[in-house]
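Subject: Handing over a structure

Dear colleague,

I am passing this structure on to you, and my notes on it follow below. Please read them with the sequence and the model open beside you.

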Amino acid sequence: MTADRGKVEDLLRELAPQVLAALVRRYGQFHLCEDASQEALLAAALQWPSGGLPDNPRGWLITVASRRLMDQVRSEQSRRTREELIAVATPQSELLGAPADAEPDRDDSLALLFGCCHPDLSSPSQIALTLRAVGGLSTAQIAAAFGVPEATMAQRISRAKQTISGTGFDFSLPAGAERTERVRAVLHVLYLVFNEGYAASDGNELTVPALSQEAIRLTRWLHRLLPEDGEAAGLLALMLLTDARRPARTLPDGSLVPLAEQDREKWDQARIAEGIALISAALPRGQVGPYQLQAAIAAVHDEARTMADTDWPQILGLYDLLELTAPNPFTTLSRAVALAMVHGPEAGLEVIATLAADKRMAQHHRLLAVRAHLRELAGDPDEAAADYLAAARRATSLPERRYLAVQAARLAK
């Protein structure tokens, strides 16, 4: 009996964090458990397509990984020390041969995700460890996605694992305010991963689809684990509604296409429908958070058949709420555009003038690009061209830089 290779790969990606979480809970040695988990997944990827799925795939993986872990421990030069560490952390019944899947219904995946987003880790480390341990991406894949050398990413992941090991991995899920903060950290990490995939901060490509798809997959998973969390639903909706526009964001040569000029027939209607359904169900349930508001804004954009059909007053109202809920200079920048579309470019430029007084924003290429756009709408092509050129010089993404330079050249003529 054989199994479809694609289905096997999907199943293994789904089970990977569950297996790692089960091992870490039992044995406590994060780095060793991850190596053993990866070996078990590799063995399954080689055996299951031709031999068929076992009756209990999760139990099979945990059992194999546990055996690999013990073999690895015994082969180390520091065998005795490591075995003593594991012996202390492991119930004697397991050391005596109790089945590794003795608790088949226990899923510590959420605890694993919380651990990867531990507050002692920096944001880049949280992202890297989440993609490695929970997402199952290789170090090489993560390094390529973020445009850094593999050795650099390996060091970052290694340091993150050491931090986690040093603090101890607590599988008792936090409650109350601490749980809220940890969920917020997880959502922020997934949001950053998606954004880097949808609009790469550096490099020759505008997007890194693999990162966005992984962020969507992990957020779907988180939404299943936390079905009543409105912000988890909101973030998933935001990702789907935003990623739906990906097919229209670039020309065949990779050039950037702004929202106003996109062919909306290319937008992914299935993702738009799913995103709208998610946010429509989440908004009435309770307190509205920033991801839900951003998803609602994205939904208004996606529902417009043309740029002219966009309900800008509704978008402006949503940005007003977003500024109250989660003040952020980039939110204010986006609100300036909505304000300009409702009340004219001068109103938007007044908001941007206040932002330009902030040293963090004054020379940011996005502020310069938005100001250029509004100055052009206001009938000031010379100042707009200067801003476009300044924005191009500061942009780190090559497609963005090219687009901004072309706009500067167009107005300079």
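**Notes on the model**

Asp-320 has its place in helix 15, where a helix (DSSP H or I, at least four residues) and a strand (E, at least two) are DSSP runs numbered from the N terminus. Please keep in mind that this is a predicted model, in which local features need pLDDT of at least 70 and side-chain atom pairs count only at pLDDT 80 or more, while totals for chains, interfaces and linings use all residues. Residues are numbered from 1 along each chain as its sequence is written, and side-chain values use heavy atoms, with hydrogens and water left out.

With a relative accessible area of 31%, Asp-320 is partly exposed; here buried means under 20% relative accessible area, exposed means over 50%, and partly exposed lies in between, with a 1.4 Å probe and protein chains only. From Asp-320 to Trp-48 the C-alpha to C-alpha distance is 53 Å, and the two are 272 residues apart in sequence.

**The whole protein**

The protein has 21 helices and zero strands, and its C-alpha atoms fill a box of roughly 80 × 45 × 45 Å along the principal axes. Of its 413 residues, 48% are buried. Among the contacts (heavy atoms within 4.5 Å) with a separation of 6 or more, 65% are between residues 24 or more positions apart.

**Helix 2 and helix 3**

Trp-48 brings us to a pair of helices. Helix 2 (residues 30-51) packs against helix 3 (residues 57-75) at an angle of about 130 degrees, and their axes are 8 Å apart; the axes are lines fitted to C-alpha atoms, for helices over the stretch in contact, and angles run from 0 to 180 degrees between N-to-C directions. Helix 2 is therefore oblique to helix 3, given that angles under 35 degrees count as roughly parallel, over 145 as roughly antiparallel, 65 to 115 as roughly perpendicular and the rest as oblique. On the side of helix 2 the contact includes Leu-32, Asp-35, Glu-39 and Trp-48, and on the side of helix 3 it includes Trp-60, Val-64, Arg-68 and Leu-69. Sorted by class, this contact of helix 2 with helix 3 has 15 nonpolar, three polar and three charged residues, where Ala, Val, Leu, Ile, Met, Phe, Trp, Tyr, Cys and Pro count as nonpolar, Asp, Glu, Lys and Arg as charged, and the others, Gly among them, as polar.

**Helix 7, helix 11 and Val-134**

The axes of helix 7 and helix 11 (residues 209-225) come within 12 Å and cross at roughly 70 degrees, which means that helix 7 is roughly perpendicular to helix 11. Thr-130, Leu-131 and Val-134 of helix 7 meet Leu-211, Glu-214, Arg-217, Leu-218 and Trp-221 of helix 11, and by class this contact has five nonpolar, one polar and two charged residues.

Val-134 lies in helix 7 (residues 123-134) and, at 0% relative accessibility, counts as buried. Leaving aside residues up to four places away in sequence, Val-134 touches several residues, among them Pro-17, Leu-112, Cys-116 and Trp-221. The C-alpha atoms of Val-134 and Leu-20 are separated by 8.3 Å, although these residues are 114 residues apart along the chain.

**Salt bridges**

Side chains of opposite charge can pair when their charged atoms come close. The structure holds 18 salt bridges, each being a side-chain nitrogen of Lys or Arg within 4 Å of a carboxyl oxygen of Asp or Glu.

In one of them, the side chains of Arg-245 and Asp-302 meet at 2.7 Å, N to O. This pair links distant parts of the chain, 57 residues apart, with Arg-245 in the loop between helix 12 (230-243) and helix 13 (269-282) and Asp-302 in helix 14 (residues 290-303). Arg-245 is buried at a relative accessible area of 10%, and Asp-302 is buried at 6%.

Arg-246 forms a salt bridge with Asp-243 (2.7 Å, N to O); Arg-246 is buried, with a relative accessible area of 13%, and Asp-243 is buried at 5%.

Helix 15 returns in a further pair, in which the closest N and O atoms of Arg-335 and Glu-323 are 3.6 Å apart. Arg-335 lies in helix 16 (residues 329-343) and Glu-323 in helix 15 (residues 312-325), so this salt bridge ties together parts that are 12 residues apart in sequence. Arg-335 is buried, with a relative accessible area of 16%, whereas Glu-323 is partly exposed, at 22%. Finally, Arg-371, Arg-375, Glu-383 and Asp-387 are joined into one network by salt bridges that share partners.

With kind regards
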